[in-house]
Amino acid sequence: MDDAAGLAIAFKEAKKSYEQGGIPIGAALISSTGIVLGRGHNQRVQLDSPIHHGETATLLNAGRLPASTYANSTMYTTLSPCDMCTGAILLYKIRRVVIGENSTFKAAGEDYLRQRGVEVVVMDDQECRTLMERFVRESPGVWWEDIGVVGEEKREEGR
């Protein structure tokens, strides 16, 4: 499966979350042979959960897999992975991450993944960016909560 097809699966998940009133971040875990192992979307709003991000929901939906399966797969995500999701990617030794866009939010995790030997590809996808920008305009408070930013930090960052 090529990167555009993998990202399209993740984007469908992001749209699903948005349509449910949630944060539009989707992900998919795909094996090196093109098998979709799991897919998921951010469900923090829907489930009132602090940990159901797109990537963690995808891992949950993939279920328990052998370590070699994770190591030979690619995580597709519509947005730059946060610190928590970066940790999960590293924990399961996923060697490749394809990111839809990182202009709306670029986490430090991207550089950390690269430092740890993970191949990181940023697609700079307009659909991913447009949907995320729309959500941030419509629900800024939920967005800031999702990325762990509090009021004082927003003022310091000029936001």
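**Exercise 1. Work out how exposed R114 is, and describe the salt bridge in which R114 takes part.**

Step 1. R114 has a relative accessibility of 37%, so R114 counts as partly exposed; the classes are buried under 20% relative accessible area, exposed over 50%, and partly exposed in between, with a 1.4 Å probe and protein chains only.

Step 2. Look for the partner: the side chains of R114 and D111 meet in a salt bridge, 3.5 Å from N to O. Here a salt bridge is a side-chain nitrogen of Lys or Arg within 4 Å of a carboxyl oxygen of Asp or Glu.

Step 3. Place the pair: both residues lie in helix α6 (residues 109–115), three residues apart, about one turn of the helix. Helices (H or I, at least four residues) and strands (E, at least two) are DSSP runs, numbered from the N terminus.

Step 4. Check D111, which is partly exposed too, because its relative accessibility is 40%.

A word on the model before you go on: it is predicted, so local features need pLDDT of at least 70 and side-chain atom pairs count only at pLDDT 80 or more, while totals for chains, interfaces and linings use all residues. Residues are numbered from 1 along each chain as its sequence is written, and side-chain values use heavy atoms, with hydrogens and water left out.

**Exercise 2. Find the salt-bridge partner of E145 and say which parts of the chain the pair ties together.**

Step 1. The partner is R44, with the closest N and O atoms 3.4 Å apart.

Step 2. E145 belongs to helix α8 (residues 140–146) and R44 to helix α2, so the pair links parts that are 101 residues apart in sequence.

Step 3. R44 is buried, because its relative accessibility is 13%.

Step 4. Now turn to S49, in the loop between α2 (44–47) and α3 (54–62). Leaving aside neighbours within four places in sequence, S49 is in contact (heavy atoms within 4.5 Å) with Q43 and R44. S49 is buried as well, at a relative accessible area of 9%.

**Exercise 3. Compare the burial of the two partners in the salt bridge between R129 and D124.**

Step 1. The closest N and O atoms of this pair are 2.6 Å apart.

Step 2. R129 is buried, at 13% relative accessibility, whereas D124 is partly exposed, at 48%.

Step 3. Elsewhere, salt bridges that share partners join D3, R96 and E119 into one network. The count of salt bridges comes to nine.

**Exercise 4. Describe the whole chain and decide where to read the model with care.**

Step 1. Count the elements: the protein chain has nine helices and five strands.

Step 2. Test the overall size. For 159 residues, a compact globule would have a radius of gyration near 15 Å, and the chain agrees with 15 Å; the radius is taken over C-alpha atoms, and the globule rule is 2.2 Å times the number of residues to the power 0.38.

Step 3. Buried residues make up 49% of the 159 residues.

Step 4. Check the confidence. The average pLDDT (the predictor's confidence in each residue, from 0 to 100) is 92, and 94% of the residues score at least 70. Over residues 152–159 the pLDDT is below 50, and beyond near neighbours in sequence this stretch has five contacts in the model. Where pLDDT is low, the predicted coordinates should not be read in detail.
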